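Here are some notes to read beside the structure, written for someone who is new to looking at models of this kind. Please keep the sequence and the structure open while going through the points.

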Amino acid sequence: MALHVPKAPGFAQMLKDGARYYSGLEEAVIRNINACKEFAYSVRSAYGPNGMNKMVINHLEKMFLTSDAATIIRELDVEHPAAKLMILGSQMQDSEVGDGTNFVIILAGALLECSEELIRLGVTPTEVAEGYEKALDKCLEILPSLVCKEIKDTRNIEDVKKGICTAVQSKQYGNEEFIADLIVKACVSIMPEETTFNVDNVRVCKILGSGLYNSQVVHGMVFKKQVEGEVTKVENAKVALYGCAIDIMQTETKGTVLIKSADELLNFSRGEENLLEMQIKAIADSGAKVVVAGAKFGDMALHYINKYGLMAVRLNSKFDLRRLSKTVGGTVLPRLVAPTPQELGYCDLVCLEELGDTPIVVFKLEGKESRVSTVVIRGATDSFMDDVERAVDDGVNTFKCISRDGRLVPGAGAVEVELACQLSEYADTLPGLEQYAVRKFANALESFPKVLADNSGLRSANVLEKLLEAHKNGQKNVGVDIEFGESICDTLEKNILDLFACKYWGLKYAVGAAATILRVDQIIMAKRAGGPKPKQAAGSDDES
């Protein structure tokens, strides 16, 4: 008979075999803090214009080469529950503002690192979390007074460009002027009069070859496709859109046909052909010159389309078809019927072009009001174009935020240092233990200029000293100058401006994540559900 081994008494006794349980300061709180600290350190070196790139290979063996924190954390499958909380805060920032994801992770990591010292000195985690929340309230109170510029008119290209440049600079340092120019042109051309700006209306099409400076903005849509028929260019075109295949109609029900003579057999297939010709003639008679379908074009249908001089384009994605219908102002029809004048879309130019080796179909609207615009990105490698696409994405999101709230604050670490200086003074007025947490919050904010200086190869201690001295003398807009040695610069003169909304939400989400992690005192992990073992990688000799 097998010997019964009793479990250790306590909480673990109640759990199933294989469950893990951690409690207390050392095991739970410090363990969580260390995990988050390590994670923050890994993305810290990617912060700012001189941030290093990370090479991430995801579970599908796709390679990403980027310094964009949102992409890094999305492709890394992080398992640690506390680090996941930080990632959730960062993802919320991404969906709210579309930029500043790295800001959230670095600040949450720095806050937790500072809290560790206080916890080891005997301050309880709850008091630290409450102190942090008090400091956050003070920060959000100070932040509006640091606004240095406000963009009132979102159609003023020069003003908006200044607001977007900094967001692009952190991804594509050196090319920010050119990329910001493309983004502003694309966004302003589709800015609606009344409703809010929709990010999805700025499309990106990446075409291999040439260089970045050959990129352009097209008012309308661009698809990497060949045309189906013989017609390759149509001007002032009416566009008919179909969600179905352009082919001989298949009947809904099955039927049996009894054919008694050769003539009947000939007439049977001819009837189908005549019907198809009538359908395509009806489309041509409605005034349509371009037929776009979401499924295949049959050979017989193509023959008639060429006969009536129509241009045929096939789109495999139903989302592309919807976007195109929005662009040309047409309706996607579910069946092959002649469109009414209301259902037809209009496009100034539909043509087949070739960029490098890639054939593209362009739907171009020359008029002022286009609903969708496309940024065509050129580049030598796919990973470079992916990085430019992320920069464009950040710029478009920044434009969306400017259209809602045009307030800008100084960048280059100026806001963080000014908040740190004012928080240190505020801490002196607090009576309880919270003053220590507020001071640590100020220390955590000072990590941003340090990171910017470190990533640019400067001595961070010297730079921070100069910054603090300037801010103590009332120079609010002074930040790190990454171009000339260990010096500081006026961010307004250099046009290094960050979104007010980006800092506002970034501070909120980072403190929320840090306070939540600090208030955890027990970790209970159930045994994993048993499932099939993951498949071994090809060429692996692991037999176990």
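1. Before the strands are discussed, one definition is needed: two strands pair if DSSP finds at least two bridges between them. Please also keep in mind that this is a predicted model. With that in hand, strand β11 (residues 345–355) can be followed to strand β12 (residues 358–364), to which seven bridges join β11, and the two strands run antiparallel. Within this pairing, leucine 352 has valine 361 in β12 as its bridge partner.

2. How many residues lie between β11 and β12 in their hairpin? There are two residues between these strands, and glycine 356, which sits in the turn, has a positive phi of about 65 degrees.

3. Strand β11 also pairs with strand β7 (residues 233–242), to which six bridges join β11, and these two strands run antiparallel. Here alanine 237 stands opposite cysteine 347 in β11. As a general point to carry along when looking at such strands, the side chains in a regular strand alternate between the two faces of the sheet.

4. Elsewhere, three strands form an open sheet in the order β4-β14-β17, with antiparallel pairing. The edge strands are β4 (149–150) and β17 (497–499), each of which pairs on one side only. Two bridges join β4 to β14 (residues 407–410), and in this pairing glutamate 150 stands opposite arginine 407 in β14.

5. Which residues line the largest cavity? The lining consists of Lys37, Ala40, Tyr41, Arg44, Ile106, Gly109, Ala110, Glu113 and Ser447, and the helices α1 (24–44) and α4 (101–121) each supply at least two of the lining residues. By character, the lining divides into four nonpolar, two polar and three charged residues. The space in this cavity is about 60 Å³, and the count of cavities of 30 Å³ or more comes to one.

6. Helix α4 also takes part in an aromatic pair, one of eight such pairs in the model. The rings of phenylalanine 103 and phenylalanine 448 have their centres 4.7 Å apart and their planes at 20 degrees, so the pair counts as stacked. This pair links distant parts of the chain, since phenylalanine 103 is in helix α4 while phenylalanine 448 is in helix α14 (residues 447–455), 345 residues apart. Phenylalanine 103 counts as buried at 4% relative accessibility, and phenylalanine 448 is buried with a relative accessible area of 0%.

7. Another stacked pair is formed by tryptophan 505 and tyrosine 509, whose ring centres are 5.7 Å apart and whose planes are at 25 degrees. Both residues lie in helix α17 (residues 500–518), four residues apart, which is about one turn of the helix. Tryptophan 505 counts as partly exposed at 25% relative accessibility, whereas tyrosine 509, at 17%, counts as buried. Ring pairs link these two residues with Phe500 and Tyr504 into a cluster.

8. Why is cysteine 114 not bonded to the closest cysteine sulfur? That closest sulfur belongs to cysteine 139 and is 13 Å from the sulfur of cysteine 114, which is too far for a bond. Cysteine 502 is likewise in no disulfide, and the nearest cysteine sulfur, that of cysteine 401, is 7.8 Å away. Cysteine 114 counts as buried at 11% relative accessibility, and cysteine 502 counts as buried at 11%. Overall, the structure holds zero disulfides.

How values were computed. Residues are numbered from 1 along each chain as its sequence is written. This is a predicted model: local features need pLDDT of at least 70, side-chain atom pairs count only at pLDDT 80 or more; totals for chains, interfaces and linings use all residues. Side-chain values use heavy atoms; hydrogens and water are left out. On a 1 Å grid over the protein atoms alone, a cavity is a set of points where a 1.4 Å probe fits but cannot get out, and a pocket is an open set with protein on both sides within 12 Å along at least five of seven lines; lining residues have an atom within 4 Å of a point. Grid points are joined across faces, edges and corners, and a volume is the space filled by probe spheres set on the points. Ala, Val, Leu, Ile, Met, Phe, Trp, Tyr, Cys and Pro count as nonpolar, Asp, Glu, Lys and Arg as charged, and the others, Gly among them, as polar. A disulfide is a pair of cysteine sulfur atoms within 2.5 Å. Buried means under 20% relative accessible area, exposed over 50%, partly exposed in between (1.4 Å probe, protein chains only). Rings of Phe, Tyr and Trp (its six-membered ring) pair if their centres lie within 6.5 Å; planes under 30 degrees apart count as stacked, over 60 as edge-to-face and the rest as tilted.
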